[in-house]
Amino acid sequence: MWETLIIQPMTTLLLWIYNILGHGPHTFGLAIILFTIVVRLITWPLNASQVKGAQAMQELQNDKDWQEIQKKYAKDKEKLAQEQMRIYQEKGINPFASCLPTLIQFPIIIGLYQSISRAMAASPLDMLKLARTVSVYPFLNFENLIPLNSKFLWMDLGRPESIAIFGFALPTLALIVAATTYVQSKLTMPTSTNPNDQSAQMSSMMSIYMPLMLGWFALNFASGISVYFITSNLLGIIQYAATGRANWSNLLPGGNKNLPAKSAKK
Amino acid sequence: MNMKKISLISLLVLGVFVLSACSSRTAVNTWPGLAADSARAYLANGSEIYAIDLKTGKEAWHYPESADAKHVYFATPVLTEDGQLLIGSEGTNHAFVSINVETGKENWSEPFLGAQGKWVAPPLVFNDTIYAPNTDGFVYVLDLQGKSVADPIDIGGSLWSAPSTDGKLLYIASLDHHLHIIDPATNTTVGEPVDLGGAAPSSPVVTADGAYVGSFTSNIQFIKPNGNHDTVAEAANWVWGTPALDGDTLYYADLDGNVFSFDTASGNQNWTEIKPDGPIVASPLVVGDQIYVATEAGTFFALDKDAKIAWEKDPGGDAANIYTTPVASGDLILVAPYKGDSLLAAYDAAGKQAWTFTPEK
């Protein structure tokens with residue numbers, strides 16, 4: 001099911017883009033970038049819905065009624081939950097609106113990742129899996145494309161990347177992945193006037209853990225995956241900035257201190 | 001720590017596991033490599049190489065003594081006349097190792113300065129020289145003591161198969177869609193690379209007149225030493241394994257599961273529609289009057305030369321696949337299942353199982 005619905009179509013799309021680009025040197029890297037853009041465009045409504053939902057939840061954290069019930073029913077979790085549901089209904093907020101699109105996108109992101117790995121076919125067994133994938137659509141004649149040309153700029157997309165500087169292997173891509181992930185998470189981090197805002201605290205933790213985790217992946221795994229991470233992060237930043245909600249002040253030291261949420265002005 | 005923080009950290013840990021599981025850098029991600037001499041079978045399986053006594057089916061030795069990330073073997077081991085077992089590692093230092101076949105001790109190990117890729121291809125030993133193809137596109141040239149004796153030969157593409165030789169020239173197939181011919185006297189390529197139209201993952205089979213090679217273009221091509229080439233036989237899907245030549249008859253198989261018998265003298269197929277039970281990656285093996293074929297479905301077949309099935313076995317159990325080319329030694333035919341109940345099984349020509357090998361834990 002997963003193979004048929006996610007991996008095969010995505011890998012085929014990736015190979016199709018690679019073929020359209022001429023399947024020469026550097027084209028697989030470009031294909032990954034275009035492929036990521038196409039998938040991000042398809043999932044744009046989901047992302048927009050997620051941003052909107054997160055923003056609504058964020059605004060709720062600054063709502064007086066909301067803050068009052070937090071204090072009033074701090075020791076009565078059941079009553080607090082009832083009151084929270086009442087406020088959700090009154091304000092027409094779906095508390096799952098921000099996380100549901102993320103859950104729906106999760107398989108797509110994993111599929112994207114697996115498709116890139118599949119297309120690179122680094123071992124004989126991986127190549128055999130790729131053979132299965134391309135044989136599903138024999139009319140596309142992808143056999144002639146294999147193996148893909150994994151050279152992109154200075155990188156071999158099938159291997160972890162580093163640049164030797166004064167005898168030291170600097171993992172450039174891993175650093176860029178970590179940096180773009182940090183910027184994206186900081187920009188999308190909610191601002192809060194409420195010092196007890198748990199969602200803001202969680203976002204703050206995420207902005208530390210995610211760059212480290214993705215940077216670690218980029219350090220150890222094929223650099224084709226890093227190209228995907230960077231493209232995806234940059235598109236996320238652009239998309240968020242396009243909504244006018246990007247909080248650029250978060251990038252500065254101490255920039256997340258009690259600033260009003262921009263969209264609260266409306 | 002509140003529930004939300006616990007949930008968040010749990011999600012991150014889950015994410016690490018999910019992404020790790022689907023990464024392209026899985027520790028062991030290929031099938032076993034198998035070789036044999038008259039006394040032992042040598043099986044490269046993941047992080048270990050096992051020597052198995054052919055009489056008893058018991059382990060004679062294994063290398064290394066304890067598995068680690070430096071040792072991950074994708075390639076088939078190769079025996080030399082002076083008692084070495086040669087194999088390259090996919091492990092962290094890309095070492096190319098020589099092991100004493102009697103003791104299992106390491107003779108030498110080259111970290112291979114300059115080799116950028118992993119070792120999928122077995123080497124060829126020719127005129128006391130080791131020709132070791134790497135996935136970085138170079139063939140490394142060593143003496144039998146493991147010292148470089150010439151600059152690496154730049155072939156291009158990813159090299160997954162051993163060179164073959166007619167005693168004069170070396171023929172090496174590349175995933176770059178070409179067959180390259182090397183003159184071992186100068187360690188340089190001869191003429192232009194021969195365009196096969198698709199990637200060639202396995203070694204050519206060489207005759208006095210030239211070489212037969214299969215590829216992802218789903219056919220067999222014949223290449224003359226001067227580079228002239230023709231498609232001589234067709235297949236229904238990719239031809240992965242090296243064809244087996246027996247007299248004038250060329251046996252080969254494809255990923256659709258077809259087994260072909262091609263008469264190179266007349267240019268005609270001897271059979272039609274011989275399709276055992278699944279895709280075939282392993283090369284056919286011809287011993288005496290039988291052709292041995294192993295399928296991805298995990299079945300091991302013995303066919304006679306009229307394509308009649310003499311017997312079939314299931315050496316690895318229901319969940320196993322077979323991708324490794326079977327090997328003959330003495331009266332035994334050895335077959336190594338992938339993800340099977342046992343790592344190696346030995347049969348006689350009548351299909352009677354002599355033993356199976358499973359390493360002690």
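In this predicted model, Asp65(A), Trp66(A) and Ile69(A) of helix α4(A) are in contact with Leu80(A), Glu83(A), Gln84(A) and Ile87(A) of helix α5(A). By character, the residues of this contact comprise four nonpolar, one polar and two charged. Two packed helices are described by the angle between their axes and the distance between the axes. Here, α4 of chain A spans residues 64-72 and α5 of chain A spans residues 77-91; the angle between them is about 170°, and their axes lie 10 Å apart. Angles over 145 degrees count as roughly antiparallel, and α4(A) and α5(A) are therefore roughly antiparallel to each other.

These two helices belong to a chain with 10 helices and four strands. Read from the N terminus, the elements of chain A follow the order α-α-α-α-α-α-α-β-β-β-β-α-α-α. Of the 266 residues in chain A, 37% count as buried. Among the contacts in chain A with a separation of 6 or more, 74% are between residues 24 or more positions apart.

Chain B offers an example of a sheet. Its four strands are arranged in the order β18-β19-β20-β21, with antiparallel pairing, and the sheet is open. Strands β18 (205-206) and β21 (229-234) of chain B each have a single partner strand, so one side of each is left without a neighbour in the sheet. For β21(B), one pairing can be followed in detail: five bridges join this strand to β20 of chain B, residues 219-223, and the two run antiparallel. Within this pairing, Asn219(B) has Glu234(B) in β21(B) as its bridge partner.

How values were computed: Residues are numbered from 1 along each chain as its sequence is written. Chains are lettered from A and ligands numbered from 1 in the order in which they are written. This is a predicted model: local features need pLDDT of at least 70, side-chain atom pairs count only at pLDDT 80 or more; totals for chains, interfaces and linings use all residues. Two strands pair if DSSP finds at least two bridges between them. Axes are lines fitted to C-alpha atoms, for helices over the stretch in contact, and angles run from 0 to 180 degrees between N-to-C directions. Angles under 35 degrees count as roughly parallel, over 145 as roughly antiparallel, 65 to 115 as roughly perpendicular and the rest as oblique. Two residues are in contact if their C-beta atoms, placed from the backbone, lie within 7 Å. Ala, Val, Leu, Ile, Met, Phe, Trp, Tyr, Cys and Pro count as nonpolar, Asp, Glu, Lys and Arg as charged, and the others, Gly among them, as polar. A residue is buried if 20 or more other C-beta atoms lie within 10 Å of its own, exposed if 12 or fewer, and partly exposed in between; C-beta atoms are placed from the backbone.
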